[in-house]
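Trainee: I would like to learn how the labels for this structure are earned. Can we take them step by step?

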Amino acid sequence: MAKVMAHHLLAAIEAGDLQRRALRERLATRRADLPLRYWRQQAHMTTPAADAGMARKAVEGGTAAVPRMLERLDLTGSDLAEHLELPAQLVEARLAEPERAPLVMLDGEDAIAPTDEASLRGLEVAVETLTGANWGNATETPSLRFYRPPGFNLDTTIRDLYSLLWRLRERVPNGDRLPLDGIVFPKVEHPEEVELLDDLLGIAEEDLGLETGSIRVGYLIESGWAVVQLGQIAQRAAPRLASLIFGIADYSADLRLPGIDNEHPLADWARAEIVAVAGAVGVPAIDGMTLDYPVIDPSLDMAANRVRWLTRMRLVYEDAVRARQLGMVGKWVGHPAQLFAVLLAYDAGLSEAGLEREAAKLTAYESAVAAEQGATMIAGVMSDRATDRHARVVLRQATALGWFDPERAAALGVISADERNEADRAFAAHHRRIDP
């Protein structure tokens, strides 16, 4: 009898495991497998696709214009650091070593005039910029290349998207990867739209000889429908998903809010939904843009403009810190000074000492497992499988940004061997800035 019972037990376990594995396989498509470089999205620099000069500056200039702005306003790096309540050396180091935007988006939607002529000019500029601009060399950390076509509410969506992809293929030998890391798709509201875009991109990939799923998509969440259906949208989008991005201006219009208020409770509710779903699907959550640009007002004298510029730098810096604390990995910017402030805000959330503490959690938990323990203590704080997972997330993000030694990251299993070269470039670029 005992042998029969044991046989039935083993059969039941095997059958149950088959069901478990089948379910896990089906559910795996609901989570993105995101390459390391897509975790470098602290700032999305948006620029009109129809303006060739602005597009080149966005790609090649990065933060290089900020020292000139300070000089024009008769300000120093120390003045800016004092206003942001940051160490002067942190600001001075960034001024001395200009940095590319982690991601540049060529905007073929809201940032260009709603005319056919402007749309076609935007396509031409986008192709030229994606293929001809200096996006970074082999020793640098290049910017991610993104393009935003119109949404499905406009008749030019598919024409613009397909025209860009086919013209990029004309410029690049067949079989090579296109000079495009993904697209930002606007005005998405329903999961059916995600399915349509996925089908359209699949057709393009097959016709252009690209790997299926290689064209990544960041979706703009900018309406009530998009927020309340976000889980379904993200599930359908997961295999291609690169990010979920909050579009506060259109969202405020859709909800008929009295103004575009960055701190409105409904704006924070949307952010919380985006952070939660982005975490569930395994991609970065990106905050919207601060609309007040740090620019000079010709109607003001120099003293008033200094106050205006510093105040607006403080505003975008604090907005970025707030987004970071909410769990957002990056923020949209539309001006080099905003880019500078946002990069500072995300750097301020990291420290060598903090990363060492996270690495210690991995080592301590590994020792606990080797000793057949499920949990351990580090400086009086519990550490177990959950805290180990959190530490790995923090260290992977830090490695993508160049803050954590890739050799240690690989040894700890935070990055794969295939990601090592990319991590090495990010690490070298980070140390060029902090140790000029």
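Mentor: What follows is a short round of questions on two threonines and two helix pairs. Keep in mind that this is a predicted model.

Trainee: Where is Thr290?

Mentor: Thr290 lies in the loop between strand E7 (285–287) and helix H13 (302–326).

Trainee: What makes Thr290 count as buried?

Mentor: Its relative accessibility is 4%. Buried means under 20%. Thr290 therefore counts as buried.

Trainee: Which residues does Thr290 touch, not counting those up to four places away in sequence?

Mentor: Leu315, Val316, Asp319, Lys331, Trp332 and Gln338.

Trainee: How do you know that the side chains of Thr290 and Asp319 make a polar contact?

Mentor: The distance is 2.7 Å. The cut-off is a pair of N or O atoms within 3.5 Å. The pair therefore qualifies as a polar contact. The side chain of Lys331 makes a polar contact with the Thr290 side chain too, at 3.1 Å.

Trainee: Why is Thr311 called partly exposed?

Mentor: Thr311 has 40% relative accessibility. Buried ends at 20% and exposed means over 50%, with partly exposed in between. So Thr311 counts as partly exposed. This residue sits in helix H13.

Trainee: What does the side chain of Thr311 reach?

Mentor: The backbone oxygen of Val307, at 2.7 Å.

Trainee: How far apart in space are Thr311 and Pro294?

Mentor: They are 8.1 Å apart, C-alpha to C-alpha. In sequence, 17 residues separate their positions.

Trainee: Now the helices. Why are H5 and H14 called oblique to each other?

Mentor: H5 (residues 88–96) and H14 (residues 336–347) pack at about 130°. Perpendicular covers 65 to 115 degrees, and antiparallel means over 145. The angle falls in neither class, so the pair is oblique. Their axes are 11 Å apart, and the crossing is right-handed.

Trainee: Which residues meet there?

Mentor: Leu90, Val91, Arg94 and Leu95 in H5 meet Phe340, Leu343, Leu344 and Asp347 in H14. By class, 6 are nonpolar, none polar and 2 charged.

Trainee: At what angle do H6 and H7 pack?

Mentor: Helix H6 (residues 116–132) and helix H7 (residues 157–171) pack at about 35°. Their axes lie 10 Å apart. This crossing is right-handed.

Trainee: How do the residues of the H6 and H7 contact divide by class?

Mentor: Into 7 nonpolar, 3 polar and 7 charged. Among them are Leu120, Leu123 and Glu124 in H6, and Leu164, Arg167 and Leu168 in H7.

How values were computed:
Residues numbered from 1 in each chain as written. Predicted model: local features only at pLDDT ≥ 70, side-chain atom pairs only at ≥ 80, totals over all residues. Heavy atoms only, no water. Axes fitted to C-alpha atoms, helices over the stretch in contact; angles between N-to-C directions. Helix = DSSP H or I, 4+ residues; strand = E, 2+ residues; numbered from the N terminus. Parallel < 35°, antiparallel > 145°, perpendicular 65-115°, else oblique. Left-handed = near helix turned anticlockwise from the far one by under 90°. Contact = heavy atoms within 4.5 Å. Nonpolar A, V, L, I, M, F, W, Y, C, P; charged D, E, K, R; others polar. Buried < 20%, exposed > 50% of the residue type's maximum accessible area, 1.4 Å probe, protein only. Polar contact = N/O pair within 3.5 Å; in protein donor to acceptor, adjacent residues only side chain to side chain.
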